[in-house]
Amino acid sequence: MENAVNEKRKVVFSGIQPSGNITLGNYIGALRNFTSFDDADCLYCLADLHTLTVRQVPAELRKRTASLAAIYVACGLDPDKNIIYCQSHVPAHAELAWILNCYTYMGELSRMTQFKDKSQKHADNINAGLFDYPVLMASDILLYQTDLVPVGGDQKQHVEICRDIAQRFNGLYGDVFTIPEPYIPKATAKIMSLSEPTKKMSKSDPEDTFIAVLDKPEDIRRKLKRAVTDSDGEIRYDPENKPGVSNLLTILSVLKKESMEDTVASLSGLGYGALKEAVAEAVIAELSPIQERYNAIIADKDGLSAMLKRNAERAAYLAQKTLRKVYKKVGLYQV
Ligand code: TYM
C-alpha cells in the first residue's frame, strides 16, 4: 500500500483489545475475516486505550499488546500491506474522541448493552471511560474514512452509534465522514462459551470457558472434552434447543469450510465424543501453523516494535488528514 489511502479503494478498519487471552471467538468472529479483504486498504489497531476502561496490570497490558500484534501477523496479516498499529501511538484517536463527545448524547450512550453489562460486571469501577467507550471506537473508525468494519455481533450496536454520530456531524458540516457499514457474517457472529453455551465466549471469563488462540493441543482437547452439551445424544444443528452442540458444529463447519449440512452429515451415527474429537482436531489443525509463526514473530521484539512504529506513522498521516478537516469545520482556529 502507498503511504496514502487511495480514495477509490475500500477502507476496512477493525480492532481488538489486548485485554486478555485472544480467544477462538475473537479469531472466528473477527481476526479470521481480517485477511479476506484483498482489494481494500486495511487498518487493524490494537485497541489499547479501550482496555483502560477496566483496570489492567500495566506490565501485563504491555505484554499482551505485543502478543496481539504478533498474533495479527501470525494469522496472515502482512504488516506491509495492512496497517497494524497501537491505538495509543496515534494521538488523533483521543483527539477526535473529544470532538465527537460533543456530538454524542448521554441518552444514546446509556442505551449501549455493553455499557450496561460491563457496569454490572465492574460495579466498583463504572468510570467515565466505560461510558464513553463507543465514542472512542467511533473515532477509530471515522478517522480513516472507513467503509467496512469487520466485527463480531456484539460490536454491531457500537458500529451503529458510530454511524449515527457520523451522520449527525455530516448533517451539520457537510460530508466530512464516510458512513461505515458493519461486516458481520451470520455464521461467525457469535461463538459461545464452552461451559455456558447460551453466553458469548469471552476473553474476560475464566480460562476453561474459552479456547485461546495460543492454547496447546492438550489444553484444546481437554477444554473441548469438558464442553457442555445436552443429554439427548443427537448431533443436530438447533441453536435454540441445543446451544452447546450447535456451537461445536458451528466451529467445525467454519474451520473446515463446509456447509452446516455437510458437517452434520459427516457425523451421522456418531456421538458427542466423536463430535468433540473432530472439533479438537479441526481447531488444532487451524491454530498450530499460527502458533508456529507466532513463536518466531514474538521472539523478535525489536522487529515487532519497529513494525508497530512504522505502521503508526502511516496511520497517523492518514488520521491527521481527517482530524485537520474536522478541526477546521467546527471552527477551531488554524495557524
Ligand atoms: P473485543 O476485543 O472485545 O473483541 C474483538 C473482536 O472479536 C469479536 N468477538 C467475537 N466474535 C464472535 N464470537 C465471540 N464470542 C466473540 N468475542 C469477541 C468482537 O465482536 C470483536 O470484533 N470495541 C472492540 C475493539 C475495537 C474496535 C474498534 C472494533 C476498538 N475500536 C473499531 C472495530 C472498530 C472490542 O472490544 O472488541
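This is a walk through one predicted model, from its aromatic pairs to its cavity, its ligand and a few single residues.

Let's start with the rings. There are 10 aromatic pairs in the structure. Take Phe13 and Tyr144: their rings are stacked, with the centres 5.5 Å apart and 10° between the planes. This pair ties together distant parts of the chain, since Phe13 belongs to strand S1 (residues 10-16) while Tyr144 comes from the loop between helix H7 (128-142) and strand S4 (148-150), 131 residues apart. Are the two partners buried or exposed? Phe13 has a relative accessibility of 2%, so it counts as buried. Tyr144 has 4%, so it counts as buried too.

Now look at Phe115 and Phe131, an aromatic pair of the edge-to-face kind, with 5.0 Å from centre to centre and 75° between the planes. Here the link runs from helix H6 (residues 113-121), home of Phe115, to helix H7, home of Phe131, and the two are 16 residues apart. Phe115 and Phe131 are both buried. Elsewhere, ring pairs join Tyr103, Phe169, Tyr173 and Phe177 into a cluster.

Phe115 also leads us to the next stop, because it is one of the residues lining the largest cavity. How many cavities of 30 Å³ or more are there? The count comes to 1, and the largest cavity holds about 40 Å³ of space. Its lining is made up of Gln114, Phe115, Lys118, Leu130, Tyr133, Pro134 and His158. Helices H6 and H7 are the elements that give two or more residues to this lining. Sorted by class, the lining has 4 nonpolar, 2 polar and 1 charged residues.

Tyr133 is worth keeping in view, as it turns up again at the ligand. There are 27 residues around the ligand, and those that come nearest are Tyr133, Asp140, Asp154, Ile191 and Lys203. So Tyr133 has a part in both places: it lines the largest cavity and is among the residues that come nearest to the ligand.

Which atoms of the ligand do the two aspartates approach? For Asp140, a polar side-chain atom sits 2.6 Å from a nitrogen atom of the ligand. For Asp154, an N or O atom of the side chain is 2.4 Å from an oxygen atom of the ligand. Met201 does things another way, with a backbone N or O atom lying 2.9 Å from a nitrogen atom of the ligand.

Next come two buried residues in loops. Val90 is in the loop between strand S3 (82-86) and helix H4 (92-101). With a relative accessibility of 1%, Val90 counts as buried. Where does the chain come back to it? Arg314 is 224 residues from Val90 in sequence, yet the C-alpha atoms of the two are 9.6 Å apart in space. The other loop residue is Ser193, found between strand S5 (181-183) and helix H9 (217-225). At 3% relative accessibility, Ser193 counts as buried, and its side chain reaches the backbone nitrogen of Glu196 at 3.0 Å.

Helix H1 (residues 24-34) offers a similar long-range case in Leu24. The relative accessible area of Leu24 is 1%, which is under the 20% cut-off, so this residue is buried. Leu24 and Val279 are 255 residues apart in sequence, and 12 Å separate their C-alpha atoms in space.

Finally, have a look at the backbone of two residues. Gln145 is not a glycine, but it has a positive phi of about 55°. You'll find Gln145 in the loop between H7 and S4, the loop that also holds Tyr144 of the stacked pair. How open is Gln145? Its relative accessible area is 21%, so it is partly exposed. Lys257 likewise has a positive phi of about 55° without being a glycine. Lys257 sits in the loop between helix H10 (243-255) and helix H11 (260-266). With a relative accessible area of 67%, Lys257 is exposed.

Technical notes:
Residues numbered from 1 in each chain as written. Predicted model: local features only at pLDDT ≥ 70, side-chain atom pairs only at ≥ 80, totals over all residues. Heavy atoms only, no water. Phe/Tyr/Trp six-rings, centres within 6.5 Å; stacked < 30°, edge-to-face > 60°. Helix = DSSP H or I, 4+ residues; strand = E, 2+ residues; numbered from the N terminus. Buried < 20%, exposed > 50% of the residue type's maximum accessible area, 1.4 Å probe, protein only. 1 Å grid on protein atoms, 1.4 Å probe; cavity = no way out; pocket = protein on both sides within 12 Å on 5 of 7 lines; lining within 4 Å. Points joined across faces, edges and corners; volume = space filled by probe spheres on them. Nonpolar A, V, L, I, M, F, W, Y, C, P; charged D, E, K, R; others polar. Near = heavy atom within 4 Å. Polar contact = N/O pair within 3.5 Å; in protein donor to acceptor, adjacent residues only side chain to side chain.
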